[in-house]
Amino acid sequence: GEEPFPDPGQPGRAAPDPGLAGFRQGGVWDSAVPSAALATALEGAAGEDWRCEGGSRPEIMGAVRVAAALESLACAAKLGLIRAAIRQDDDGLGRERHGDLPDEWSKSLTADVGLALAMSPTSAERLMRTAWDLGALLPGIGALLEDGTLTYAKARVISDALELLSEADKAAAEAMIAPQVAGKTYGQVEKIAARAAIT
């Protein structure tokens with residue numbers, strides 16, 4: 001029999017599991033916001049070893065798109081958790097802040113992030129700076145990462161392109177960039193961000 005699955009249109013309700021058909025264009029999972037429920041549906045539909053037995057090419061390509069959106073959500077979660085560590089690291093030291101984010105963090109926190117993610121302190125610091133930027137100065141780009149519109153690489157190239165701008169100019173550039181990046185390749189996003197930075 002068909003197992004019920006969460007109905008994305010009506011939270012709290014269940015509907016018959018559409019299997020891989022739910023991932024094809026126009027399927028129930030095609031435009032769903034990345035979530036744990038979506039990950040569960042994908043895992044169940046793809047089956048053992050992600051083989052997608054009996055799936056058509058449009059269904060499998062839809063599943064690939066959903067997997068990419070879930071990857072973006074996982075990256076957004078990692079950055080959000082790094083921001084939580086930055087907040088915790090402040091521990092009442094009264095550092096300058098942007099909203100609820102301290103502008104600085106300790107070298108020991110950078111070392112801890114590096115150890116947790118098996119990366120050098122330089123790479124950890126760069127990752128933490130990106131997490132901070134997407135939380136404090138480019139929240140719209142951060143939201144596009146979280147909803148699966150952007151990959152981490154695309155969000156990062158935007159952050160890097162705007163690095164030398166003032167806060168006001170970053171906000172203006174973000175407003176120019178955000179509506180243009182859905183469905184764009186990395187190279188296209190890089191050009192959009194570079195043009196916005198120059199403008």
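## Getting your bearings

A residue counts as buried when its relative accessible area is under 20%. By that yardstick, buried residues make up 35% of the 199 residues in the protein chain. Keep in mind that what you're looking at is a predicted model.

The protein chain has eight helices and four strands. If you walk along the sequence, they turn up in the pattern β-β-α-α-β-β-α-α-α-α-α-α. The C-alpha trace spans about 60 × 40 × 30 Å along its principal axes. Of the contacts in the chain with a separation of 6 or more, 50% are between residues 24 or more positions apart.

## The largest nonpolar core

Now for the inside. The largest nonpolar core has 33 residues, and the ones that touch the most other members are Ile141, Ile158, Ile177 and Val181. At least two residues of this core come from each of helix 2 (57-90), helix 3 (107-117), helix 4, helix 5, helix 6, helix 7 and helix 8. Helix 4 gives the largest share, with six residues.

Let's pick out isoleucine 158. Setting aside its neighbours within four places in sequence, isoleucine 158 is in contact with Ile141, Leu150, Ile177, Val181, Val189 and Ala193. There's also a second, separate core of twelve residues, with Phe23, Trp29, Ala41 and Cys52 among them.

## Helix 7 and its two sides

Helix 7 runs over residues 167-177, and its buried residues are Lys170, Ala173, Glu174 and Ile177. Why do these four sit on the same side of helix 7? They cover an arc of only 105° around the axis, so they end up on the same side. There's a handy rule behind spacings like this: an α-helix has 3.6 residues a turn, so residues three or four places apart point the same way.

Flip to the other side of helix 7 and you'll find Ala168 and Ala175 exposed. As for the buried residues, what covers them includes helix 4 (121-136), helix 5 (139-146), helix 6 (152-161) and helix 8 (186-198).

## Helix 6 and a spot on helix 8

Over in helix 6, the buried residues are Lys154, Ala155, Arg156, Val157, Ile158 and Ser159. Their cover includes helix 4, helix 5, helix 7 and helix 8.

Helix 8 is also where you'll find alanine 194. Alanine 194 has a relative accessibility of 35%, so it counts as partly exposed. Compare its position with that of alanine 173: the two are 21 residues apart in sequence, and 9.5 Å apart in space, going C-alpha to C-alpha.

## The largest pocket

How much space lies in the largest pocket? About 370 Å³. Rolling a probe the size of a water molecule over the atoms is what shows where empty space is left.

The pocket is lined by 22 residues, and those nearest its centre are Arg65, Ala68, Ala69, Gly148 and Thr149. Helix 2 supplies the largest share of the lining, six residues. Sorted by class, the lining has ten nonpolar, seven polar and five charged residues.

## A buried glutamate

Helix 2 is also home to glutamate 59. Is glutamate 59 buried or exposed? Its relative accessibility is 12%, so glutamate 59 counts as buried. Leaving out residues up to four places away in sequence, glutamate 59 touches Leu20, Ala21, Phe23, Arg24 and Gly54. Phe23, by the way, is one of the residues in the second core.

## Two loop residues with positive phi

Last stop: the loops. Tryptophan 50 is in the loop between helix 1 (36-46) and helix 2. Tryptophan 50 isn't a glycine, yet it has a positive phi of about 60°. With a relative accessible area of 54%, tryptophan 50 is exposed.

Alanine 118 sits in the loop between helix 3 and helix 4. Alanine 118 also has a positive phi, of about 50°, although it is not a glycine. Its relative accessibility is 75%, so alanine 118 counts as exposed.

Notes: Residues are numbered from 1 along each chain as its sequence is written. This is a predicted model: local features need pLDDT of at least 70, side-chain atom pairs count only at pLDDT 80 or more; totals for chains, interfaces and linings use all residues. Side-chain values use heavy atoms; hydrogens and water are left out. Buried means under 20% relative accessible area, exposed over 50%, partly exposed in between (1.4 Å probe, protein chains only). The arc is that of the directions from the helix axis to the C-beta atoms. Contact means heavy atoms within 4.5 Å. A nonpolar core is a set of buried Ala, Val, Leu, Ile, Met, Phe, Trp, Tyr and Cys residues joined through side-chain atoms within 4.5 Å. On a 1 Å grid over the protein atoms alone, a cavity is a set of points where a 1.4 Å probe fits but cannot get out, and a pocket is an open set with protein on both sides within 12 Å along at least five of seven lines; lining residues have an atom within 4 Å of a point. Grid points are joined across faces, edges and corners, and a volume is the space filled by probe spheres set on the points. Ala, Val, Leu, Ile, Met, Phe, Trp, Tyr, Cys and Pro count as nonpolar, Asp, Glu, Lys and Arg as charged, and the others, Gly among them, as polar.
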